[in-house]
Amino acid sequence: MRKAPEGWSTPKRCRANRKTQFLSFMNSAELLNHAKAAALKAYAPYSKFQVGCVLVTSSGRLFKGCNVENASYGLTICAERNAIFHAVAEEGSQMKIATLAVIALGHEFPPCGACRQVIAEFATPETVVWFLCDGKPVAMTMAELLPSGFKI
């Protein structure tokens, strides 16, 4: 396997997994740039929070999503769930998330609680989720983001 360029930060599990081998060459900045591009397409006339998400599946495919609001707030969908549902629609119910990045234009926060639970449904405890904190990329595993997720 080729070595990633110096200065690129990728989770250890991505470097070791053949299915996600290309992630060794996609740094957190690239993932967050994909998420930012998705956020620019968000429909957020009520909250003004434009959120974008990109996920890479274990099969190596990339899926993007943005938040889409509705006047009836309960019908709003977050960027993370939008990307996940798109991935499931394309790859089927066996889809697994290798890594995911989320960004909100002008704001910094990790996925909300509802999105964490949906991410956990299609991820492993070691799946890495990227977001910004103090302008810097932060990587947390699902086990760190949702230590006591709901399972049936």
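**Group meeting talk: a walk through one predicted chain**

Let me start on the surface: Tyr43, Tyr46, Val68 and Tyr73 form a nonpolar patch there, with about 430 Å² of accessible area together. Please keep in mind throughout that this is a predicted model.

Two members of that patch deserve a closer look. Tyr46 sits in the loop between helix H2, residues 28–39, and strand E1, residues 51–57. Is Tyr46 buried or exposed? Tyr46 is partly exposed, because its relative accessible area is 39%, and the cut-offs are under 20% for buried and over 50% for exposed.

Val68 comes from another loop, the one between strand E2, residues 62–66, and helix H3. With 33% relative accessibility, Val68 also counts as partly exposed. Which residues does Val68 touch, leaving aside those up to four places away in sequence? They are Tyr43, Thr76, Ile77 and Asn82, and Tyr43 is itself a member of the patch. There is a backbone distance to go with this: the C-alpha atoms of Val68 and Ala42 are separated by 6.0 Å, although the two residues are 26 apart along the chain.

Now let me step back to the whole chain. It has 5 helices and 5 strands, and along the sequence they follow the pattern α-α-β-β-α-β-α-β-β-α. Of the 152 residues in the chain, 39% are buried. The accessible surface comes to about 8300 Å², and carbon and sulfur atoms own 56% of that. If you like contact statistics, take the contacts with a separation of 6 or more: residues 24 or more positions apart account for 55% of them.

How far can we trust the coordinates? The mean pLDDT of the chain is 86, with 83% of the residues at 70 or more. The stretch to watch is residues 1–25, where pLDDT stays under 50. For those residues the model has 44 contacts beyond four places in sequence. Where pLDDT is low, the predicted coordinates should not be read in detail. So, friends, please go gently with that stretch before setting anything up from it.

Back to the loop between H2 and E1, since Lys48 is there too. What is the phi of Lys48? It is near 65°, a positive value in a residue other than glycine. Lys48 counts as exposed, because its relative accessibility is 58% and the cut-off for exposed is over 50%.

Asp134 also has a positive phi in a residue other than glycine, with a value near 55°. Asp134 lies in the loop between strand E4, residues 128–133, and strand E5, residues 136–141. At 67% relative accessibility, Asp134 counts as exposed.

On to the charged pairs. How many salt bridges does the structure hold? The count is 1, and the pair is Glu90 with Arg61, whose closest N and O atoms are 3.7 Å apart. Glu90 lies in helix H3 and Arg61 in the loop between E1 and E2, so the pair ties together parts that are 29 residues apart in sequence. Both ends are partly exposed: Glu90 has a relative accessible area of 46%, and Arg61 has 37%.

A word on cysteines. The disulfide count comes to 0. Cys66 counts as buried, at 13% relative accessibility, whereas Cys133 is partly exposed, at 38%.

Let me go inside now, to helix H4, residues 113–121. Which residues of H4 are buried? They are Cys115, Arg116, Val118, Ile119 and Ala120. And what do they pack against? The partners are helix H3, residues 79–91, strand E3, residues 97–104, and helix H5, residues 142–145.

Ala120 gives us a link to the far end of the chain. Lys151 is in the segment after H5, and Lys151 counts as exposed, with a relative accessible area of 64%. C-alpha to C-alpha, Lys151 and Ala120 are 9.2 Å apart in space and 31 residues apart in sequence.

To wrap up, here are the places I would have you look at on the screen: the nonpolar patch with Tyr43, Tyr46, Val68 and Tyr73, the salt bridge between Glu90 and Arg61, and the buried residues of H4. Thanks for listening, everyone!

Note on methods. Residues numbered from 1 in each chain as written. Predicted model: local features only at pLDDT ≥ 70, side-chain atom pairs only at ≥ 80, totals over all residues. Heavy atoms only, no water. Patch = residues over 30% accessible without salt bridge, like charges linked within 9 Å, V, L, I, M, F, W, Y side chains within 5 Å. Areas by Shrake-Rupley, 256 points an atom, 1.4 Å probe, with all protein chains shown as cover. Salt bridge = Lys/Arg side-chain N within 4 Å of Asp/Glu carboxyl O. Helix = DSSP H or I, 4+ residues; strand = E, 2+ residues; numbered from the N terminus. Buried < 20%, exposed > 50% of the residue type's maximum accessible area, 1.4 Å probe, protein only. Disulfide = S-S within 2.5 Å. Contact = heavy atoms within 4.5 Å. pLDDT = per-residue confidence, 0-100.
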